[in-house]
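Work through the following exercises with the sequence and the coordinates at hand, setting out each solution step by step.

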Amino acid sequence: MTDSSSCLADPRVRPAPADDGPGEIREIVVLGSTGSIGTQAVDVVLRNPDRFRVVGLSAAGGRPDLLAEQAHRLRVRTVAVAREEKREELREELRARYGSGEPLPEILVGPDAATELAAAECHTVLNGITGSIGLAPTLAALDAGRVLALANKESLIVGGPLVTERARPGSIVPVDSEHSALFQALLGGERREVSRLVVTASGGPFRGRTRAELDRVTPADALNHPTWSMGPVITINSATLVNKGLEVIEAHLLYDIPFERIEVVVHPQSYIHSMVEFTDGSTLAQLGPPDMRVPIALGIGWPHRVPGAGPTCDWTRAHTWEFLPLDTEAFPAVPLACRVGELGGIAPAVFNAANEECVDAFLAGALPFTGIVDTVAKVVEELAGDRTAAESGTSLTLSDVLDAETRARRRARELTGATAGGPAAGRDTSDEEPSA
């Protein structure tokens, strides 16, 4: 990948600031620290105190006890919480853990707290926030010249050119397991030699079911993912395959590969995390047991690997891995996402915001499972169904994105009969309890 204009996160370009070497302690800020990504990142750091030091943590505020415990164990400089009403509860939790006379970390509070923290002095910002609320912190980290370990795919998807125009080559290292796999496999050749990106999908809990069968599934069914333990919004997105559609858009933006050359294949065992096919017929795959600590460790440690970050394959026993075509009739989210990505402009923001509202409505019992993607498609068609409505990506502004999200949420609520302010309504849900 030597053409630096060809992709955002170029695996051959070492991130700025200058490589600090594996012997230097790297300062990290973790956004969404009490969620699934954040807690695993904290685990990686605690097991590697000679390599990493967390200087700042942020969370939505739903678990102030855990946030205070993390702050105390990591001895951070700053703690940020989005919910104003959690300020005193967080302060009391901190006081209960710090010794008498021991200074508490700085506390930032409010909807802009994570954004302020993302610009703090450090080497790498890990954005593990869930939802498009992570866009402003992503932009702040890039504007401040930080390396961005990006687990918050929504900020890249809805922000599109707002993110890419700020990013220097190598300044974004993907943390999603699929994009981390592509990132590593792309080391095997030049951009001109890439034939296809193959993004793998577990298929979620409903793999093999027909659309008619999907009409009857319940929220409890959908929250029971067969492979990964994640928060509720991401788990539902995995069940509908909206998450995979978002990942296709993200792969297009990160690596500048056309949508027609990005393919989704179902791989139920989730050992092969994604593949790159080259023009000579070779295919390089990145594989390992499903464990997010591996891509997290690579994201915060790049260009160095962290020994023992996660488990390895046991090659002394037999393995059987399956690969199945995607059933786009039962799961239309991926082709819809490809259309949204090709429209560009505000279309991805409309898609993502409408989906968050529809997931909320489904969890509340106001929408059937198949109604999630059907309703999202209707909102996209109404608000961004042509290139004029989507607007030119080069002229996109943050105001355009926020306005599009507001209109999409309002229209999705009208169609589902839901009320404003549900759990997915434009706020960070990453610190909610992960699903089983």
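**Exercise 1.** Determine which residue of β12 is the bridge partner of Val266, and place the two strands in their sheet.

*Solution.* In this predicted model, the bridge partner of Val266 in β12 is Leu324. Strand β9, which spans residues 262-266, pairs with β12 in the antiparallel sense, and the pairing runs over two bridges. Next, the wider sheet is open and consists of five strands in the order β11-β10-β8-β9-β12, with mixed pairing. Because β11 (283-287) and β12 (324-325) each have a single partner strand, they stand at the edges, and one side of each is left without a neighbour in the sheet.

**Exercise 2.** Identify which strands α8 touches and which strands α12 touches.

*Solution.* Helix α8 packs on the sheet through β8 (194-201), β10 (272-278) and β11, and its direction makes about 35 degrees with that of β10. Helix α12 also packs on the sheet, touching β8 and β9, with its direction at about 150 degrees to that of β8.

**Exercise 3.** Describe how α8 and α12 are arranged relative to one another.

*Solution.* The axes of α8 (residues 177-185) and α12 (residues 242-255) come within 10 Å and cross at roughly 30 degrees. Since angles under 35 degrees count as roughly parallel, α8 is therefore roughly parallel to α12. The crossing in which α8 passes α12 is right-handed. Finally, Glu178, His179, Leu182 and Phe183 in α8 meet Lys244, Glu247, Glu250, Ala251, Leu254 and Tyr255 in α12, and by class this contact has five nonpolar, one polar and four charged residues.

Note on methods. Residues are numbered from 1 along each chain as its sequence is written. This is a predicted model: local features need pLDDT of at least 70, side-chain atom pairs count only at pLDDT 80 or more; totals for chains, interfaces and linings use all residues. Side-chain values use heavy atoms; hydrogens and water are left out. Axes are lines fitted to C-alpha atoms, for helices over the stretch in contact, and angles run from 0 to 180 degrees between N-to-C directions. Helices (H or I, at least four residues) and strands (E, at least two) are DSSP runs, numbered from the N terminus. Angles under 35 degrees count as roughly parallel, over 145 as roughly antiparallel, 65 to 115 as roughly perpendicular and the rest as oblique. A crossing is left-handed if the near helix is turned anticlockwise from the far one by less than a right angle, and right-handed if clockwise. Contact means heavy atoms within 4.5 Å. Ala, Val, Leu, Ile, Met, Phe, Trp, Tyr, Cys and Pro count as nonpolar, Asp, Glu, Lys and Arg as charged, and the others, Gly among them, as polar. Two strands pair if DSSP finds at least two bridges between them.
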